[in-house]
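Subject: A structure for you to look at

Hello,

Here is the structure I promised to pass on to you. Please open it beside this email and follow along as you read.

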Amino acid sequence: MTTDMTLDAPRTPHARTKRGINWEKWGWIYMRVSGVLLVVLIFGHLFVNLMVGEGINRIDFAFVAGKLADPFWIVYDLLLLWLALIHGTNGMRTIVNDYVANARVRRILHIALLASTAVLLVLGTLVLTTFDPCPAGADPELVASFCEDIL
Amino acid sequence: MATAPAAEVGAVQEFTVTVIVRRFDPEVDAEPYWQDFDVPMYSTDRVLDALHKIKWEQDGTLSFRRSCAHGICGSDAMRINGRNRLACKTLIKDLDITKPIYIEAIKGLPLEKDLIVDMEPFFASYRQVQPFLQASSKPEKERLQSIEERARFDDTTKCILCAACTSSCPVFWTDGQYFGPAAIVNAHRFIFDSRDEAAQVRLDILNDKEGVWRCRTTFNCSEACPRGIEVTKAISEVKAAILRGKP
Ligand code: SF4
Ligand code: FES
């Protein structure tokens, strides 16, 4: 058997490799931290949307518009969006690393993942921050109650 | 088998077990194939005895590694009914012998012949974590250690380097680049040893792209370890030590 192993002289200290940011380590930490936050955020989201008051029957355009007129829910949903999407993408990246042996295919999938995540993040952020709860000329029956003052 | 005469009270009953072995001879076969053998066995026998009977009485070409036959040398880890076990520690009575017993080589390492794999990649990553004591002090007598300090890494001293853990790890199967549980277990053994001074070096080595962060906590390693080492726990302790920056 051939070995291309070269032995260091005895007692040579291990050369500390400087590589800038350790992505694998931060990725691992991110998955744990975002995971914990997401459990709280997701159950909070489900509880408010499905359990409080009349529950699911309440959900219509006016309900969503009402929520998105409140800065608290905008920040809440933004956090949910960014944490969950990046969490999911990092998970997919790990799966790609595990199952795709071909370096080119791997690269293509990574780029596709990155691109789709970026697009979704931009779109989602746009919707959340530029949402107009009282579109001009809308049927007052369908929009949130506070729109009356504006329309 | 004929019923044993009454005189043989307490005699161990003999029965026939079907053993299906995944064979491969690189000089003849393009692909591995399964071959079955009917082996007369006693319930006190181990899987290793079945392999011996096949090799000694039926087919001398069957190749496998074993040395101590008592669970301490670590040479006969293999996949028995889909689980990584030592053949010398797996009793026939613990398996369901109404069905055949499937035996194949451990996965993730290059197959050489029948049940023998090339262990070199496994030992290469073992060597990389510097599994030896590094201490600069030169005491007159032995280096003293309290009972608690010794207990800190007691679990990981038990490793026999059988590779059952590493070759049961789905992350290791993917590309074989991951250090693997066994290397981390043996790094753990020195990282948490109060007499050793190179913990930082080993933590640095394992804080690598192919280091502890690839562990997905699937617990296959803990389930496979014939020494009962809590492998996944050891890996988590190394992760925590890296985050803390010290053991
Ligand atoms: S940790 Fe257990 S399974 Fe892994 S090599 Fe050591 S003895 Fe074998
Ligand atoms: S033959 Fe030594 S451990 Fe099984």
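Below I go through what was found, beginning with chain A and ending with the ligand. Please keep in mind that this is a predicted model.

**Chain A as a whole**

Chain A has four helices and zero strands, so if you trace the sequence from start to end you meet the pattern α-α-α-α. Of its 151 residues, 27% count as buried. What about contacts between residues at least 6 apart in sequence? In chain A, 61% of these join residues at least 24 apart.

**The helix α2(A)**

Which residues of helix α2 in chain A are buried? This helix covers residues 61-68, and its buried residues are A62(A), F63(A), A65(A), K67(A) and L68(A). The buried residues of α2(A) pack against three helices of chain A: α1 (23-51), α3 (71-99) and α4 (103-130).

**How the helices pack**

Two packed helices are described by the angle between their axes and the distance between the axes. Try this on two pairs.

Start with α1(A) and α3(A). They pack at an angle of about 135 degrees, and their axes are 9 Å apart. Because of that angle, α1(A) is oblique to α3(A). The crossing of these two helices, α1(A) and α3(A), is left-handed. Sorted by class, the contact of α1(A) with α3(A) has 16 nonpolar, eight polar and three charged residues.

Now turn to α3(A) and α4(A). Here the angle is about 175 degrees, with the axes 10 Å apart. An angle over 145 degrees counts as roughly antiparallel, and therefore α3(A) is roughly antiparallel to α4(A). On the α3(A) side, the residues that make the contact include I74(A), L78(A), L81(A), W82(A), L85(A) and R93(A). On the α4(A) side, among them are R106(A), L109(A), H110(A), L113(A), L120(A) and L128(A). By class, the contact of α3(A) with α4(A) has 13 nonpolar, seven polar and three charged residues.

**Around ligand 1**

Finally, move to chain B. Which residues surround ligand 1? One run goes from C159(B) through I160(B), L161(B), C162(B), A163(B) and A164(B) to C165(B). The others are A182(B), C225(B), P226(B), R227(B) and I229(B). How do the residues of this shell divide by class? There are 11 nonpolar, no polar and one charged; the charged class includes Arg, and R227(B) is in the shell.

Enjoy exploring, and write back with any questions.

Best wishes

Key. Residues are numbered from 1 along each chain as its sequence is written. Chains are lettered from A and ligands numbered from 1 in the order in which they are written. This is a predicted model: local features need pLDDT of at least 70, side-chain atom pairs count only at pLDDT 80 or more; totals for chains, interfaces and linings use all residues. Side-chain values use heavy atoms; hydrogens and water are left out. A residue is near a molecule or strand if one of its heavy atoms lies within 4 Å of it. Buried means under 20% relative accessible area, exposed over 50%, partly exposed in between (1.4 Å probe, protein chains only). Contact means heavy atoms within 4.5 Å. Axes are lines fitted to C-alpha atoms, for helices over the stretch in contact, and angles run from 0 to 180 degrees between N-to-C directions. Angles under 35 degrees count as roughly parallel, over 145 as roughly antiparallel, 65 to 115 as roughly perpendicular and the rest as oblique. A crossing is left-handed if the near helix is turned anticlockwise from the far one by less than a right angle, and right-handed if clockwise.
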